[in-house]
Amino acid sequence: MDVRTRNNVTVTGRRDGPTVMLAHGFGCDQNLWHLVTPEVAAVSRVVLFDYVGSGRSDPTAWSEERYSTLDGYADDILEICRELGLRDVIFVGHSVSAIIGVLAVIREPERFSKLLLLVPSPCYIEDDDYHGGFTRADIDELLESLDSNYLGWSATMVPVIMNNPDRPELGAELTDSLARADPRKAGVFARATFLSDNRADLAKVTVPTLIVESAIDVIAPREVGAFVHASIPGSRLVTLDSMGHCPQLSDPEQTAEAITSFVTEPGG
């Protein structure tokens with residue numbers, strides 16, 4: 001199968017610049033980067049794509065077996081890199097894509113020069129020593145609601161994800177993106193996202209890493225950002241003066257600045 005078609009790969013920006021791969025989160029597609037892409041493309045070659053089951057990816061390529069774990073999505077990342085002959089990639093992963101990027105980097109670290117984790121969470125479920133933001137009962141209820149009434153679930157979750165009640169227009173793009181998704185495929189991706197525990201993988205990251213969190217984020221609280229920072233050797237943590245789990249929409253200027261500064265700084 002043609003990987004470029006499978007994942008609706010698009011490339012923009014400077015051919016002579018460093019390669020930046022922007023990876024979207026659950027319920028999203030590559031379009032949700034559109035407010036930061038021009039700034040990033042001004043200093044780099046930008047690779048955008050849709051995960052299988054999302055956006056304009058090839059629907060016939062979807063397999064429940066492959067995409068029921070985050071490993072299947074990491075496979076997609078590496079196959080795109082091989083198809084395009086990419087090396088020294090600066091991987092920017094939003095939300096669950098941050099952890100998918102971690103998995104890809106662990107497998108083939110020679111392909112990546114840097115890793116930027118935007119509002120990451122390696123585990124959404126709390127335990128005695130870890131504040132993930134949700135109890136197991138919370139996650140079970142979330143997944144049951146998604147299965148029984150996907151559009152209703154989307155309408156309920158978007159305000160929580162965006163967390164900008166005075167700016168309801170921000171949720172329109174995310175709402176549209178969620179509405180375009182196939183409920184069955186979205187349910188499989190949701191389980192892979194919310195039931196995974198990748199905390200032990202963080203210590204295996206060996207490339208320069210920047211964690212970017214929002215000041216207020218219900219989905220990935222600041223305790224999670226601190227945990228990720230403490231778990232990845234040599235990583236740095238930046239807290240944006242933003243609210244919500246999609247700062248590339250709610251605060252694109254700050255988000256673009258964080259990305260471009262990391263891309264253009266020496267090292268890595």
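The paragraphs below describe aromatic contacts, charges placed over rings, and salt bridges in a predicted model.

The aromatic side chains come first. Across the whole structure, 13 aromatic pairs are found. One of them joins Phe91 and Phe112, whose ring centres are 6.4 Å apart; because their planes meet at 80°, and an angle over 60 degrees counts as edge-to-face, the pair falls into that class. This contact links distant parts of the chain, since Phe91 belongs to strand β4 (residues 89-94) and Phe112 to strand β5 (residues 112-118), with the two positions 21 residues apart in the numbering. Phe91 has a relative accessibility of 0% and is therefore buried. Phe112, at 4% relative accessibility, counts as buried as well.

A stacked arrangement is seen for Tyr150 and Trp153, with 6.1 Å from centre to centre and 20° between the planes. Both residues lie in helix α6 (residues 150-162), where a spacing of 3 residues corresponds to about one turn of the helix. Tyr150 is buried, its relative accessible area being 6%, and Trp153 is likewise buried, at 4% relative accessibility. Tyr150 and Trp153 also take part in a wider cluster linked by ring pairs, which includes Phe26, Phe49, Tyr51, Tyr67 and Tyr73. Tyr124, Phe134, Phe189 and Phe194 are further members of that cluster.

Aromatic rings also meet charged groups in this model. The charged end of Lys114 is placed over the ring of Phe262, at 5.1 Å from the ring centre. In a second case, the charged end of Arg199 lies over the ring of Tyr130, 4.6 Å from its centre.

The discussion now turns to contacts between charged side chains. Side chains of opposite charge can pair when their charged atoms come close. The search of the whole structure gives 19 salt bridges. Among them is the bridge between Glu64 and Arg184, in which the closest N and O atoms are 2.7 Å apart. Here again distant parts of the chain are brought into contact: Glu64 sits in the loop between β3 (45-48) and α3 (70-84), whereas Arg184 is in helix α8 (residues 183-194), 120 residues apart. Glu64 is partly exposed, with a relative accessible area of 39%. Arg184 has a relative accessible area of 52% and, because this is over 50%, counts as exposed.

Another salt bridge, between Arg136 and Asp140, has its closest N and O atoms 2.8 Å apart. Its two residues are 4 residues apart in helix α5 (residues 136-148), so about one helical turn separates them. Arg136 is partly exposed at 44% relative accessibility, and Asp140 is partly exposed at 35%.

Glu265 and Arg236 form a further bridge, with an N to O distance of 2.4 Å. Glu265 is located in the segment after α11 (252-264) and Arg236 in strand β7 (residues 236-243); the pair links distant parts of the chain, 29 residues apart. Glu265 is partly exposed, with a relative accessible area of 28%, and Arg236 is partly exposed at 40% relative accessibility. Finally, Arg6, Arg66, Asp76 and Glu79 are joined into one network by salt bridges that share partners.

Conventions
Residues numbered from 1 in each chain as written. Predicted model: local features only at pLDDT ≥ 70, side-chain atom pairs only at ≥ 80, totals over all residues. Heavy atoms only, no water. Phe/Tyr/Trp six-rings, centres within 6.5 Å; stacked < 30°, edge-to-face > 60°. Buried < 20%, exposed > 50% of the residue type's maximum accessible area, 1.4 Å probe, protein only. Lys NZ or Arg CZ within 6 Å of the ring centre and 35° of its normal. Salt bridge = Lys/Arg side-chain N within 4 Å of Asp/Glu carboxyl O.
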